Amino acid sequence: MKKLVRLRHHRMIAGVLSGLAAYMNMDATVVRLLFVALLFITGIMPFAILYGLAVFIIPSEETVI
């Protein structure tokens, strides 16, 4: 079973978007571009808060067995 984790490799800031991309079998660049587009369309704060929450909620790759 696949698990959503923050990846150590291919990380830019905290590995949330690269982990999400791996979970959805997508290219990390596409996920990052979609995130940045939605970040500016919604006025930055909603997606910035969601990203911050995801950093604390989604476990890191090395803590998941």
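Trainee: Where does D27 lie?
Mentor: This is a predicted model. Take the helices in order along the sequence: the pattern is α-α-α. D27 falls in the loop between α1 and α2.

Trainee: Is D27 buried, partly exposed or exposed?
Mentor: Buried means under 20% relative accessible area, and exposed means over 50%. D27 has a relative accessible area of 48%. That makes D27 partly exposed.

Trainee: How far apart are the C-alpha atoms of D27 and I41?
Mentor: α2 covers residues 28-41, and D27 sits in the loop between α1 and α2. D27 and I41 are 14 residues apart along the chain. Their C-alpha atoms are separated by 22 Å.

Trainee: Which residue just after α1 takes a positive phi?
Mentor: α1 spans residues 16-23. Just after this helix, one residue has a phi of about 55 degrees. That residue is N25.

Trainee: Which residues of α1 are buried?
Mentor: The cut-off for buried is under 20% relative accessible area. What covers these residues of α1 includes α2 and α3. The buried ones are V16, L17, S18, G19 and A21.

Trainee: What share of the 65 residues counts as buried?
Mentor: The accessible surface of the protein comes to about 4,800 Å². Carbon and sulfur atoms hold 73% of that surface. Of the 65 residues, the buried share is 29%.

Trainee: What is the radius of gyration of the protein?
Mentor: The protein has three helices and zero strands. For 65 residues the globule rule gives 11 Å, and the protein's value is close to that, so it is as compact as a globular protein of that length. The C-alpha trace spans about 35 × 25 × 20 Å along its principal axes. The radius of gyration is 12 Å.

Trainee: Which helix gives the most to the nonpolar patch on the surface?
Mentor: The patch is formed by V36, F40, I44, M45, I49, L50, L53, F56 and I57, with about 980 Å² of accessible area together. α2 (28-41) and α3 (45-57) each supply at least two of its residues. L50, for one, is found in α3. With six residues, the helix that gives the most is α3.

Trainee: At which residues does UniProt place the transmembrane region?
Mentor: The feature comes from an unreviewed entry. In the model, its stretch is 84% helix and 0% strand, with end C-alpha atoms 19 Å apart. UniProt places the region at residues 34-58.

Trainee: Which residues does UniProt list for the domain "Phage shock protein PspC N-terminal"?
Mentor: This entry is also unreviewed. Over the listed range, the model is 58% helix and 0% strand, and the end C-alpha atoms are 12 Å apart. The record lists residues 2-61.

Trainee: Which side chains meet in a salt bridge?
Mentor: Side chains of opposite charge can pair when their charged atoms come close. The count here comes to one salt bridge. Its N to O distance is 3.8 Å, within the 4 Å cut-off. The partners are E62 and R8.

Trainee: How many residues apart in sequence are the parts that E62 and R8 tie together?
Mentor: E62 lies in the segment after α3, and R8 in the segment before α1, so the pair ties together parts well separated along the chain. Both E62 and R8 are exposed. The separation in sequence is 54 residues.

How values were computed
Residues numbered from 1 in each chain as written. Predicted model: local features only at pLDDT ≥ 70, side-chain atom pairs only at ≥ 80, totals over all residues. Heavy atoms only, no water. Patch = residues over 30% accessible without salt bridge, like charges linked within 9 Å, V, L, I, M, F, W, Y side chains within 5 Å. Areas by Shrake-Rupley, 256 points an atom, 1.4 Å probe, with all protein chains shown as cover. Helix = DSSP H or I, 4+ residues; strand = E, 2+ residues; numbered from the N terminus. Buried < 20%, exposed > 50% of the residue type's maximum accessible area, 1.4 Å probe, protein only. UniProt positions renumbered as here; feature names shortened; annotations may be inferred. Rg over C-alpha atoms; globule rule 2.2 N^0.38 Å. Contact = heavy atoms within 4.5 Å.
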